[in-house]
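Work through the exercises below with the sequence and the coordinates at hand. Try each task before reading its solution.

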Amino acid sequence: MRYVVIGSSAAGINGIRELRRLDRDSQIVLISSDLAIYSRCILHQYLGGERDLAKLCFAEQDFAARYGVEWMKGRTCTGLDREAKEVVLEDGERVPYDKLLIATGSHTYIPPVRNLKRAKNVCGFRDLEDIEKLKQVAEQAEHIVVMGAGLVGLDCVSGFLELGVTTTLVETAGWLLSRQLDERAAKAYQKAFAAKGVAQYYGVGIDQAVVDGDGQITEVILTSGKKLPCDYVVVTAGVRANVEFLEGTGIQEGPMGLLYDETGRTSDPDVYGAGDVSGASPIWPAAVKEGIVAAANMTGKPGRMTDFFASKATMNFLGIPSMSLGEVNPADGTAQVEIRETEEPRTYKKIVHKDGKIIGAVLQGDLAYGGILQQLIARKIDITKVKKPVFDIDYSDFFHMDDRFEYYY
C-alpha cells in the first residue's frame, strides 16, 4: 500500500502518525508547500517574539525518520489524476498513490474591497511568510489596520502588542469574537484591548483602500464614511479552502470546501479529507481527530468522527480566559438563557438550553465548569431530571451505584 498525504497541518501530521501506527510496512509520502512543520495557532507568539521557529513545531524533531515518511518539502499540488491515481505537482512531476489524504488547509481570502487586492502593503496572517513580513512591518509602520476581530484577528493584535505596536481593529459584526462569545463577554476583551491603546470599530467594514501612485495604501475608508490613516492592512477576516488543484477532477465540493463524510471519505473511495480543507474551519482538536479517523479508515480500520464535541473554543487574551461551547447566540426565541456573574473575582457564566438540553454556554474568568458542560452538550443529557440549579450540576448527578458497589450511568 502507498499512502500519500498532502499538507503538513495538524490533520496531516496526526493522520501520518495514525497511518504508521496501524500499518508498519506501507509507504507514506508527505507533500507540503511548507518547508517545516509548525502550528498556525501560535504564529502570533512568533510575531511577538515569545517563540522561535523550533518552538512552533508540534511534531517530533525526527518526524520523517521516526515514521518512515518520504517528505517532499516545498512542493505544491496543481492537479489530481484520479484515473491514474496520481498527484500532479507544479513542475509536472506525478506522485502515485493507493490512498490519498487531502489535508491542504486554507489560505487568506482578500475580500473585494476597492483597491485592496492590487495594493502592495497588505497580507494575511496564515503562514510563516506572512509573519516574516509583519515582523518588518512592525519596525516601521505607524498605522496598522487589522481586518477582522475573530480568533486570528485577536491573535494578530496580541502579537503586535507584544512588540509594543498598537493597531486598529475593524470588524463588521457588532462585537469581537461574535462566533464564540455573546456581546457581554466580548466587552471584557474590548475594554482590555482599548486600555492597551487598540482602536476598535464594530458594525462597520472597510469600503475602500486609498492607494498612492506606488501602490501603497495610505488610508482606509470605512462603510460609515470614517477615514483612518493606514500604512499596512492585515486581513484576518476570511479564509478559503485550498482545493483549487481539484478543479475538474469530479471530486465533490461544497460551498466552503472539500466534502467528506464521518469516515473522512470523499466522493472518491480512495481519497480522504481532514482539517481546514473542509472550509468549516475546525478547531485544532477537531482537525487532529479528523486526521486520525481518516487515516484509520484508509488502512481499513473503521472509525467515525462522531465521538467528539467540535464546537468548542478556548481563548486567553490579555489574561482573560474564556470558553465557548455550542450555540451561544441562539436565534431561536424559544431557547432559555441563564446567567451567573460575580464581580470579585470577575466571572461570567451563561448557559443556553432548550427542551431540557443544554445547547450552548460561555464561561469567562473561571473555566472549571467547562468539562461538565461539554459532556452535557455533547451527550445531549436531559437536565430537567436534575433538581438543582443548572450551574450547580456535577458528574455525580448522572452516575449511580448498584448493589455490587459499581457505578453506572
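Three exercises follow, on overall form, strand pairing and cysteines.

This is a predicted model, in which local features need pLDDT of at least 70, side-chain atom pairs count only at pLDDT 80 or more, and totals for chains, interfaces and linings use all residues. Residues are numbered from 1 along each chain as its sequence is written, and side-chain values use heavy atoms, with hydrogens and water left out.

**Exercise 1. Overall form**

Compare the radius of gyration of the protein chain with that of a compact globule.

Solution. Step 1: the radius is taken over C-alpha atoms, and the globule rule is 2.2 Å times the number of residues to the power 0.38. Step 2: for 409 residues the rule gives a value near 22 Å, and the chain's 23 Å agrees with this. Step 3: the C-alpha trace spans about 65 × 65 × 40 Å along its principal axes. Step 4: 52% of the 409 residues count as buried (under 20% relative accessible area; exposed is over 50%, partly exposed in between; 1.4 Å probe, protein chains only).

**Exercise 2. Strand β2 and its partners**

Which strands pair with β2, and why is β2 largely enclosed?

Solution. Step 1: helices (H or I, at least four residues) and strands (E, at least two) are DSSP runs, numbered from the N terminus; the protein chain has nine helices and 25 strands. Step 2: strands pair if DSSP finds at least two bridges between them. Strand β1 (residues 2–6) pairs with β2 in the parallel sense, over five bridges, with Arg-2 opposite Gln-27 of β2. Step 3: the connection from β1 to β2 runs through helix α1 (residues 10–22), a right-handed β-α-β crossover (with the strands pointing away from the viewer, the path from the first strand over the helix to the second runs clockwise). Step 4: β2 also pairs in the parallel sense with strand β3 (residues 69–73), over five bridges; here Ile-31 stands opposite Met-72 in β3. Step 5: β2 (residues 27–32) has five of its six residues buried, so the rest of the structure largely encloses this strand.

**Exercise 3. Cysteines**

How many disulfides does the structure hold, and is Cys-57 buried or partly exposed?

Solution. Step 1: a disulfide is a pair of cysteine sulfur atoms within 2.5 Å. Step 2: searching the whole structure gives zero disulfides. Step 3: the cysteine sulfur closest to that of Cys-57 belongs to Cys-41, at 14 Å, too far for a bond. Step 4: Cys-57 is partly exposed, at 31% relative accessible area, whereas Cys-77 is buried, at 13%.
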